[in-house]
Amino acid sequence: MYSHIMVPVDLAHAEQLQKALQTAADLAKLYQASVCYVGVSASAPSSVAHTPEEFAAKMEKFSQAQAAKYQLPNVSSAAYISHDPTADLDDTLMRASKDAGADLVVMASHVPGLLEHVFASNAGYFASFSKISVLVVR
Amino acid sequence: MTESTDITPDGDSTLIETDYEIGQDNINTQIGPVNVDVHNPVFLISGLCIVAFVVLTLAFQDSAGTMFNAMRVWLTSTFDWFFIASANVFVVLCLVLVVSPLGRVRLGGTDATPDYSYSGWFAMLFAAGMGIGLMFYGVSEPLSHYASSVADNAGSPDSWAPLAGAPGDSEAARRLGMAATIFHWALHPWAIYAIVALALALFSYNKGLPLTMRSIFYPIFGERIWGWTGHIIDILAVFATLFGLATSLGFGAEQASAGLEFLFGLPASDTTKVFLIIGITGIALLSVVAGLDAGVKRLSEINMVLAVLLLLFVVIVGPTVAILSGFFHNLVAYVQNLPALSNPVGRTDANFSQGWTAFYWAWWISWSPFVGMFIARVSRGRTVREFITCVLLIPSLVCVFWMTAFGGTAISQLVNDGVQAVASAPLELQLFSMLAQLPLTEITSFLGIVLVIVFFVTSSDSGSLVIDTITAGGKIDAPTPQRIFWCVFEGLVAIALLLGGGLGALQAMSVSTGFPFTIVLLLACVAIVKGLMSEPR
């Protein structure tokens, strides 16, 4: 049913993603799909990485750790550098899903609150505008 | 993630080893529906101090105005030599870096690629760096220097003429007036910005420290920059930026409404001004929410196109040959007068060197944390040589051309055609009076007003991004509501000061922050040289 699953990952809050990561791994095993973990960072230093190269390396290490944890045979990672992640995250993820050739996106999102009426959450925006299937994990 | 996170990039790395993790002092919590991620204590202290200053200034208007103005005058007249000498140091350091082998260092490491194309990059740094000043001083400053130089009392202690002036000699006075104006708008201000921007970019992109003012001081204060030493530097930067922006937003609204009155007969009432501030803040708000690429960059590019259109119009419709040849004559006059104008000691033109030059330097320097931070944010991937060429040399040439076109045309109108209207118009209307002497006045004046407003928007949006980054401890991915907060806060401070009075008082105070920042910038020069020496070239 699905052959390429994309999972957006925020390395700064990886501990809050466990449910989404588990879901993605289970689906990948069920359909023998490959999994691509995608991260977005700014080029300026952040709490996760000091340079874009370090960020890419951490994303790769993260995906390998996921592969080992869930015995996934086919994982990859992609690191995107955005000029202004606060504003551009949605569009960058949209581009990443095309680049990865994904047919399913599994992403974590917080429970929507009052603010979502003004600014859609990233997952909300993504689910509204993406052409491929999106599984939002809360 | 539970694994260890000790990964460093391959190849030559000059990252500074520190245990400080970016955002470790941040408060990350949920207030009502809003997610916040702010630096403790920089966010709270700067916010509260700004409110306190506004309230106190409104409550004690007369004494606050007198006090802050006296402080500003005292600083620029007592330390004029210090401002002038320091600015010279910045220019010389930049020029040395261009030709030295250190110019080969690339911001972001040897393999980094530029974040922005030349056109987008240049549009953004120009819109943030000078913007509005060119609109108002482009006509009035050359005229003012010309008038004081040609006057009979030029050269006497009570004259405001640059150097010895040129009493009665119209041609010499014109050359001197243009040289003095260019002196205030070309190499020196851009060198001030370049130093701050270069230091920030170097310590952030190459050394891995957070993109905030305190990082520049790592080579000098070491780990202490994560404590109160750093907090104070960052708070001071927020202070200078917000008051600089809010007061010029207030004054800008006054000037734009004067232009609207002149053009359309719209009364320049408080209501008009408040609506202008709300309008400018509203557009800036849309811009910061849309982000750096979709908002700030796009507006800066629109701004640039409009400015070029207006400039081309003045060149083509105005005295074309005089402007084109004037460009080279003024450049020569600038170079000839540069040693005398930038001489910090033994000046006989105290009114000029203290009231104009030292004031300008303090003003540019008080803007430097904001403009420098913003330039650094968009300059990753350039070599030091490219960086200085594009941040120092090209903008300087553009300013020479702009001043020649606008100021030179106005002086020609006064000298050759005997038009007194421009020279006698109030400062904020001189640009429009000059345009009124040229054809198609309605169109160009309207374009002028639109440019004034867009220039304010591009300062306001980039300023909000900068304050947001500093108050989030150098994180540039802080939640959207925070940048909205700073953008709105800035508009509110401007409205409060406009209605309550006190714009002048707080502007004097923000210019006064130029003094501590001059020391900051001198230390930054040391840090830049130290930092560049350890980079692979």
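**Salt bridges, interface and cores of a two-chain model**

B:Arg347 has a relative accessibility of 18% and therefore counts as buried, the cut-off being under 20%. The model is a predicted one. The side chain of B:Arg347 meets that of B:Asp349 in a salt bridge, with 2.9 Å from N to O. B:Asp349 is buried as well, at 4% relative accessibility.

Over all chains, the structure holds nine salt bridges. Another of chain B joins the side chains of B:Asp234 and B:Arg214, at 2.7 Å from N to O. B:Asp234 belongs to helix α9 (residues 228-264) of chain B, while B:Arg214 sits in the loop between α7 (187-206) and α8 (218-221), so the pair ties together parts that are 20 residues apart in sequence. B:Asp234 is buried, with a relative accessible area of 0%, and B:Arg214 is also buried, at 2%.

The salt bridge between B:Lys273 and B:Asp270 has its closest N and O atoms 4.0 Å apart. Both residues lie in helix α10 of chain B, three residues apart, which is about one turn of the helix. B:Lys273 counts as buried at 12% relative accessibility, whereas B:Asp270, at 40%, counts as partly exposed.

Helix α10 of chain B spans residues 270-317, and B:Pro319 lies in the loop between this helix and α11 (320-341). With 31% relative accessibility, B:Pro319 is partly exposed. B:Pro319 and B:Gly120 are 199 residues apart in sequence, and their C-alpha atoms are 31 Å apart in space.

Salt bridges also occur between the chains. Two are found across the interface of chain A and chain B. In one of the salt bridges of the model, A:Asp84 pairs with B:Arg483, the closest N and O atoms being 2.8 Å apart. Nine residue pairs are in polar contact across the interface, both residues of each pair being at pLDDT 80 or more. On the side of chain A that touches chain B, the elements that give two or more residues are α2 (52-70) and α3 (85-99) of chain A. Helix α2 of chain A gives the most, with eight residues. By class, this side of chain A has 14 nonpolar, eight polar and seven charged residues.

The contact takes 29 residues from chain A and 36 residues from chain B. About 2,700 Å² is buried between the two chains, and carbon and sulfur atoms give 61% of this area. A:Pro45, A:His83 and A:Thr86 supply 23% of the area that chain A buries against chain B, more than any other three residues.

The largest nonpolar core has 185 residues, and those with the most contacts inside it are B:Ile50, B:Phe387 and B:Phe406. Leaving aside residues up to four places away in sequence, B:Phe387 touches eight listed partners, including B:Leu107, B:Trp121, B:Ile375 and B:Leu392. Apart from the largest core lies another, of 27 residues, among them A:Leu21, A:Ala25, A:Phe55 and A:Val106.

Chain B also has a buried polar contact. B:His184 is in helix α6 (residues 170-185) of chain B and counts as buried, at 0% relative accessibility. A polar contact of 2.8 Å joins its side chain to that of B:Glu141. Beyond the neighbours within four places in sequence, the residues in contact with B:His184 include B:His145, B:Pro189, B:Phe352, B:Trp356 and B:Tyr360.

Conventions
Residues are numbered from 1 along each chain as its sequence is written. Chains are lettered from A and ligands numbered from 1 in the order in which they are written. This is a predicted model: local features need pLDDT of at least 70, side-chain atom pairs count only at pLDDT 80 or more; totals for chains, interfaces and linings use all residues. Side-chain values use heavy atoms; hydrogens and water are left out. Helices (H or I, at least four residues) and strands (E, at least two) are DSSP runs, numbered from the N terminus. Buried means under 20% relative accessible area, exposed over 50%, partly exposed in between (1.4 Å probe, protein chains only). A polar contact is a pair of N or O atoms within 3.5 Å; within protein, one must be able to donate a hydrogen and the other to accept it, and residues adjacent in sequence count only if both atoms are side-chain atoms. Contact means heavy atoms within 4.5 Å. Buried area is the accessible area (1.4 Å probe) that two parts lose on being put together, summed over both. Ala, Val, Leu, Ile, Met, Phe, Trp, Tyr, Cys and Pro count as nonpolar, Asp, Glu, Lys and Arg as charged, and the others, Gly among them, as polar. A nonpolar core is a set of buried Ala, Val, Leu, Ile, Met, Phe, Trp, Tyr and Cys residues joined through side-chain atoms within 4.5 Å.
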